[in-house]
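Welcome! Here is a short guided walk through one protein model. Have the view ready to turn as you read.

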Amino acid sequence: MIICKTPRELDIMREAGRIVALTHQELKKHIVPGITTRELDDIADQFIRKHDAIPSFKGYNGFRGNICASVNDELVHGIPGDRVLNNGDIISIDIGAKYNGYHGDSAWTYAIGQINEESQRLMDVTEESLYKGLEEAKPGERLSNISHAIQTYAESNGFSIVREYVGHGVGQDLHEDPQIPHYGPPNRGPRLKPGMVLAIEPMVNAGSRYVKTLTDNWTVVTVDGKRCAHFEHTIAITESGYEILTKA
């Protein structure tokens, strides 16, 4: 069941989203060669709690981190640890914060130092595919129009869309209905209504679309070892379009 949020709930979710966005801004200052993913995790934990929220991911189905920190060919669910970031790496940071009982959720891929042209293009196309999808986020439109726009843009630029992991509704639960693939034909699925809150999060591979999970049972990597990127915003459907909730 898709839960439409009340104006009061949306006010709380705006603050949850703002805290997530501010945490991204804070982490960006520290994403430099030489830092470990555990250090970034600690910074995020302290920052989120300082803003009267709690990290959404800590303990979720047993996850050990406060954020997901996925480097280079790691797509999602990377567990923060002793890995040192090096010049030329890219890292996808997924952050969730729970504020007054409601979640915000946003992911971004960052460059560490100077990266190669192909990695920059991968990041640019993935980010732009998110906004191509959001252009279809309007009341009365079918949900899969978002999916189709993302796939069309990413694939037209020579990249692959991951199919095993999808976007989702957000609210009092981190993952609510509906599930939102980032691929597929248009004009399918439920019609969008004001008050729906959705996490749209294209995951794009430089090579083939196939991924696998490592033996830690969390970290997802590309099968071919090529790099991948992940961009995500939590949005609310409004009377005239959409509002990004994960913004500062």
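## Before we start

The strands named in this report are DSSP runs of E with at least two residues, and they are numbered from the N terminus. One of them is β4, which covers residues 90–99 and holds D94. Please keep in mind that this is a predicted model.

## Three acidic residues at one spot

A good place to begin is a UniProt annotation. The unreviewed entry marks D94, D105 and E232 as "binding site". These residues span 139 residues in sequence, yet no two of their C-alpha atoms are more than 8.2 Å apart, so they gather at one spot. From this set, D94 belongs to the lining of the largest cavity.

Is D94 buried or exposed? Its relative accessibility is 10%, and because buried means under 20%, D94 counts as buried. Among the residues D94 touches are both of its annotated companions, D105 and E232. Other contacts of D94 include F57, C68, E201 and H230.

D105 sits in strand β5, which covers residues 102–111. With 2% relative accessibility, D105 also counts as buried. Its contacts beyond its sequence neighbours include V20, F57, D94, H168, E232 and T246. The side chains of D105 and H168 are also joined by a polar contact of 3.3 Å.

## The hairpin that carries two of them

How do β4 and β5 run relative to each other, parallel or antiparallel? They are antiparallel, and 10 bridges join them. One bridge pairs K98 with H103 in β5. Most of β5 is covered, with 9 of its 10 residues buried.

The two strands form a hairpin with 2 residues between them. In that turn you will find N100, whose phi is near 50°, a positive value in a residue other than glycine. N100 has a relative accessibility of 54% and therefore counts as exposed.

## Two more annotated histidines

UniProt's unreviewed entry also lists H77 and H175 under "binding site". Of this set, H77 is part of the lining of the largest cavity. H77 lies in the loop between β3 (74–76) and β4, and at 25% relative accessibility H77 counts as partly exposed. Its contacts away from its sequence neighbours are F63, C68, S70, Y165, W218, T219 and V220.

H175 is in the loop between β7 (167–169) and β8. H175 is partly exposed too, at 41% relative accessibility. Beyond its sequence neighbours, H175 touches Y60, H168 and G169. A polar contact of 2.8 Å links the side chains of H175 and Y60.

## A helix and a buried histidine

Now turn to helix α4, made of the 13 residues 144–156. From the first C-alpha to the last, α4 reaches 18 Å, close to the 18 Å expected at 1.5 Å a residue. Its buried residues include S147, I150 and Q151. Which elements do the buried residues of α4 pack against? They pack against α3 (117–134), β6 (160–161), β8 (176–180), β9 (197–200) and β10 (203–205). After α4 comes G158, which has a positive phi near 90°.

H182 belongs to the loop between β8 and β9. At 1% relative accessibility, H182 counts as buried. H182 touches S147, I150 and Q151, and its other contacts include Y165, I200 and M203. A polar atom of the H182 side chain lies 3.0 Å from the backbone nitrogen of E201.

## Backbone details to look for

Where is the cis peptide bond between D177 and its partner? D177 is joined to P178 by this bond, with omega at about 5°. P178 itself is found in strand β8.

Another spot to visit is N217, which has a positive phi of about 65° although it is not a glycine. N217 lies in the loop between β11 (211–213) and β12 (220–222). With a relative accessible area of 64%, N217 is exposed.

Notes
Residues numbered from 1 in each chain as written. Predicted model: local features only at pLDDT ≥ 70, side-chain atom pairs only at ≥ 80, totals over all residues. Heavy atoms only, no water. UniProt positions renumbered as here; feature names shortened; annotations may be inferred. 1 Å grid on protein atoms, 1.4 Å probe; cavity = no way out; pocket = protein on both sides within 12 Å on 5 of 7 lines; lining within 4 Å. Helix = DSSP H or I, 4+ residues; strand = E, 2+ residues; numbered from the N terminus. Buried < 20%, exposed > 50% of the residue type's maximum accessible area, 1.4 Å probe, protein only. Contact = heavy atoms within 4.5 Å. Polar contact = N/O pair within 3.5 Å; in protein donor to acceptor, adjacent residues only side chain to side chain. Expected span 1.5 Å × (residues − 1). Pairing = 2+ DSSP bridges. Lists of a residue's contacts leave out its neighbours within four places in sequence.
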